[in-house]
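This report describes the fold of a single chain, beginning with the confidence of the model and ending with individual residues. The sequence and structure are shown first.

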Amino acid sequence: MSDLVCTNCGEEENLLGEQVDEVITITCEECGLVWDRDLTPRCRTCGREDVRPAFQAIVEKSRGTQLSIQSMKLVYLCPGCNPELLARWIESNSPLPPDELPI
Ligand SMILES: [Zn+2]
Ligand SMILES: [Zn+2]
């Protein structure tokens, strides 16, 4: 699909699509960004559509105790439900920490 472009690095070719239920998840093999295709950005909690796209780090625990950022995924932040995360994203302009850290 030619309308498919990585938001992070602009890659159009090396994109890997994987369908889970109704959602197609795309992985950019160039930079590792993960996002859902054809998803109308909308808050899953309150339904607002004025959400802001942001990158969230996907972290995996490597050997030893060090955590390293493996890749990123595209998430949408709701001004109503995630004001703190949204403010942090706008302020830092760097990937948000993952929801859960691997133990
Ligand atoms: Zn990319
Ligand atoms: Zn919301």
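## Confidence of the model

The average pLDDT of the chain is 85, and 83% of the residues reach a score of at least 70. The structure is a predicted model, and the confidence varies among its elements: β5 has the lowest mean pLDDT, at 82, whereas α1 has the highest, at 92. Where pLDDT is low, the predicted coordinates should not be read in detail.

## Overall architecture

The chain contains five strands and one helix. In sequence order these elements follow the pattern β-β-β-β-β-α. Of the 103 residues, 16% count as buried. Among contacts in the chain with a separation of 6 or more, 44% are between residues 24 or more positions apart.

## The hairpins of β1, β2 and β3

Strand β1 covers residues 15–20 and strand β2 covers residues 23–28; the two run antiparallel and are joined by six bridges. Within this pairing, L15 stands opposite C28, and L16 has T27 as its bridge partner. The two strands form a hairpin with two residues between them, and D21 in the turn has a positive phi of about 55 degrees. Strand β1 is hardly covered, since the count of buried residues among its six residues is zero.

Strand β2 also pairs with β3, again in the antiparallel sense. Four bridges make up this pairing, in which I26 of β2 stands opposite W35 of β3. Here the hairpin has four residues between the strands, and G32 takes a positive phi near 90 degrees.

## The nonpolar core

The largest nonpolar core comprises 14 residues, and those with the most contacts inside it are L33, V51, A54, V75, Y76 and L77. Two or more residues come from each of β2, β3 (33–37), β4 and β5 (67–77). The greatest contribution is that of β5, which gives four residues. The core also spans the domain assignment, drawing at least three residues from each of domain 1 (1–39) and domain 2 (40–103). In soluble globular proteins, nonpolar side chains tend to be buried together.

Y76 is one of the core residues with the most contacts inside it. Leaving aside neighbours within four places in sequence, Y76 is in contact with P41, V51, R52 and P53.

## R52 in strand β4

R52 belongs to strand β4, which covers residues 52–61. Is this residue buried, exposed or partly exposed? R52 is partly exposed because 15 other C-beta atoms lie within 10 Å, a count below the 20 needed for a buried residue and above the 12 that is the upper limit for an exposed one.

When neighbours within four places in sequence are set aside, the contacts of R52 are Y76, L77 and L86. Two of these partners, Y76 and L77, are among the core residues with the most contacts inside the core. R52 and R42 are ten residues apart along the chain, and their C-alpha atoms are separated by 9.3 Å.

## S71 in strand β5

S71 is found in strand β5. With 17 other C-beta atoms within 10 Å, S71 is partly exposed. Residues touched by S71, not counting those up to four places away in sequence, are G32, L33, V34 and I58. Of these, G32 is the residue with a positive phi in the hairpin of β2 and β3, and L33 is one of the core residues with the most contacts inside the core.

The C-alpha atoms of S71 and C31 are separated by 7.3 Å, although the two residues are 40 residues apart along the chain.

## Helix α1 and N93

Helix α1 covers residues 83–92 and is hardly covered, with a count of one buried residue among its ten residues. N93 lies in the segment after the helix.

What is the sign of phi in N93? The value is positive, near 55 degrees, in a residue other than glycine. Most residues other than glycine have a negative phi, and most peptide bonds are trans. N93 counts as exposed because 9 C-beta neighbours lie inside 10 Å, and the limit for an exposed residue is 12 or fewer.

Note on methods: Residues are numbered from 1 along each chain as its sequence is written. Chains are lettered from A and ligands numbered from 1 in the order in which they are written. This is a predicted model: local features need pLDDT of at least 70, side-chain atom pairs count only at pLDDT 80 or more; totals for chains, interfaces and linings use all residues. Two residues are in contact if their C-beta atoms, placed from the backbone, lie within 7 Å. Two strands pair if DSSP finds at least two bridges between them. A nonpolar core is a set of buried Ala, Val, Leu, Ile, Met, Phe, Trp, Tyr and Cys residues joined through C-beta atoms within 7 Å. Domain bounds come from an automatic or database domain assignment. pLDDT is the predictor's confidence in each residue, from 0 to 100.
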